Amino acid sequence: CAVCGWMGVWLGSPGRQALLCTFFCYLAFTQHLSVKNAFLDYTTAMATVQFYHNPICPFSHRAKLVIEELSIPNETHFVPLSGEISTAEKDGSVDNLPLPTFAGKTPQDLARVKAEYKESLNPAGEVPTVKLGDNAPVRESEIVAEYLNQVYKGSLTPTDPETFALMRHVMKVTGDVVGSLYRLLMNKNPDEDEAAAAKIKANLDKLVAVASSEGPYLAGSEFTLADIHLMPFFSRFQHTLSHYRNFVVPGTGPASADDDATTKRLATWWTAVKDRRSLTSSEVAAEAIIKAYTGYASR
């Protein structure tokens, strides 16, 4: 049509052109968009995002979960963690890394990939980073997750303002939970383990207090970014803390008659999310996670 001609769009054969013109105009009519905006929405949905990731990192896993939940077309670029580079340089090989992500590479290759990544995309060298077309790179796991959900018209944020606020509150408290999980794992003094474990429990009590009481998800009946925010850490710390600190993350162990309200609520949540395809398809095996976190846990 004249509008597609105005946009300078080449849609291929006449039959395909007619079909896609009808599609763009349908979007414009049903969603009250301009035809040009409808076309931009279509092209965004078809665009491949460049995803800079490391499967060991729980923060990067947040972005991976969003990509899997929304079936976002992506090209994944693996970025080595600093610990992986140190291990490879010490061993003179990548053979002893927890995962075969960098099989066939040399320690020098890993250092070069990291340096180029820091220079061109993320000065901090952290993952995840995503880049869509000519747009600026987007960094930080929480921001990346929200960005992908918005760009690809996902359903991972509630439309109801009250539920949205609840989701954001849960995400804020999750930060305290994550910090306390790391503190116990990284604690060098066994005499302080009990206090560190008590802090985890206290922070989980706060999380459950602000989360939806009905569930099964943290913000209510719908799966949201609040769940994605916490899932990678339960996935990893259920193994690392059990192995290194003899601590069972509440909600991840076998049910007991002695379980308190927080443990029961978290068990309901973990049962609801642990078998989602997005997690099962991207989760790292327990053995690899335990090996990857040796440096954090060593005393």
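Which residue in β4 does T129 stand opposite? I looked this up before anything else, and I found that T129 stands opposite R139 in β4. I keep in mind throughout that the structure I am reading is a predicted model.

**Entry 1: the chain as a whole**

I began by listing the secondary structure, which comes to 14 helices and four strands. I then looked up burial, and of the 299 residues of the chain, 44% count as buried. For contacts with a separation of 6 or more, I noted that 66% are accounted for by residues 24 or more positions apart in the sequence.

**Entry 2: the sheet**

I next followed the strands, and I found that they form an open sheet of four strands in the order β2-β1-β3-β4, with mixed pairing. Strands β2 and β4 (138-139) stand at the edges, and because each has a single partner strand, one side of each is left without a neighbour in the sheet.

I reminded myself that strands of a sheet pair through backbone hydrogen bonds, either parallel or antiparallel. I then went through the pairings one by one. Strand β1 pairs with strand β2 (residues 74-78) in the parallel sense, over five bridges. Within this pairing, V49 has N74 as its bridge partner in β2, and H53 has F78 as its bridge partner in β2. On the other pairing of β1, three bridges join this strand to β3 (residues 129-131), and the two run antiparallel; here the bridge partner of F51 is V130. Finally, β3 and β4 also run antiparallel, joined by two bridges.

How many of the five residues of strand β1 (residues 49-53) are buried? I found that four of them are, so the strand is largely enclosed by the rest of the structure. I also traced the path from β1 through helix α4 (residues 58-70) to β2, and these three elements make a right-handed β-α-β unit.

**Entry 3: a buried lysine**

I looked up K114 in helix α6 (residues 107-120), since I wanted to know what surrounds its side chain. K114 is buried yet has no salt bridge, and the nearest side chain of opposite charge, that of E84, is 7.4 Å away. Leaving aside residues up to four places away in sequence, I recorded that K114 touches V79, P80, L81, S82, I85 and G125.

**Entry 4: aromatic rings**

I searched the whole structure for aromatic pairs and found ten. F234 and W269 form one that is edge-to-face, with 5.1 Å centre to centre and 90° between the planes. F234 lies in helix α10 (residues 225-245) and W269 in helix α11 (residues 261-273), so this pair ties together parts that are 35 residues apart in sequence. Both F234 and W269 are buried.

F234 also forms an aromatic pair with W270, and this one is tilted, at 5.7 Å centre to centre and 50° between the planes. Because F234 lies in helix α10 and W270 in helix α11, the pair ties together parts that are 36 residues apart in sequence. W270 is buried, as is F234. Elsewhere in my notes on rings, I have a cluster in which ring pairs link Y182, F237, Y293 and Y296.

**Entry 5: a valine in helix α8**

Is V173 buried or exposed? Its relative accessibility is 10%, and because the cut-off for buried is under 20%, V173 counts as buried. V173 lies in helix α8 (residues 161-186), and it touches N203, K206, L207 and V210 when residues up to four places away in sequence are not counted. V173 and V210 are 37 residues apart in sequence, while their C-alpha atoms are 8.3 Å apart in space.

**Entry 6: backbone details in the loops**

I checked the peptide bonds and noted a cis bond from V127 to P128, with omega near 10°; P128 has its place in the loop between α6 and β3. The bond from G215 to P216 is also cis, with omega near 5°, and P216 is in the loop between α9 (193-210) and α10.

I then looked up phi angles. S71 has a positive phi of about 50° although it is not a glycine, and this residue lies in the loop between α4 and β2. At 58% relative accessibility, S71 counts as exposed. N246, in the loop between α10 and α11, has a positive phi of about 55° and is not a glycine either. With a relative accessibility of 73%, N246 counts as exposed.

Key: Residues numbered from 1 in each chain as written. Predicted model: local features only at pLDDT ≥ 70, side-chain atom pairs only at ≥ 80, totals over all residues. Heavy atoms only, no water. Buried < 20%, exposed > 50% of the residue type's maximum accessible area, 1.4 Å probe, protein only. Lys, Arg positive; Asp, Glu negative; His and termini not counted. Salt bridge = Lys/Arg side-chain N within 4 Å of Asp/Glu carboxyl O. Contact = heavy atoms within 4.5 Å. Pairing = 2+ DSSP bridges. Right-handed = clockwise from strand over helix to strand, strands pointing away. Phe/Tyr/Trp six-rings, centres within 6.5 Å; stacked < 30°, edge-to-face > 60°.
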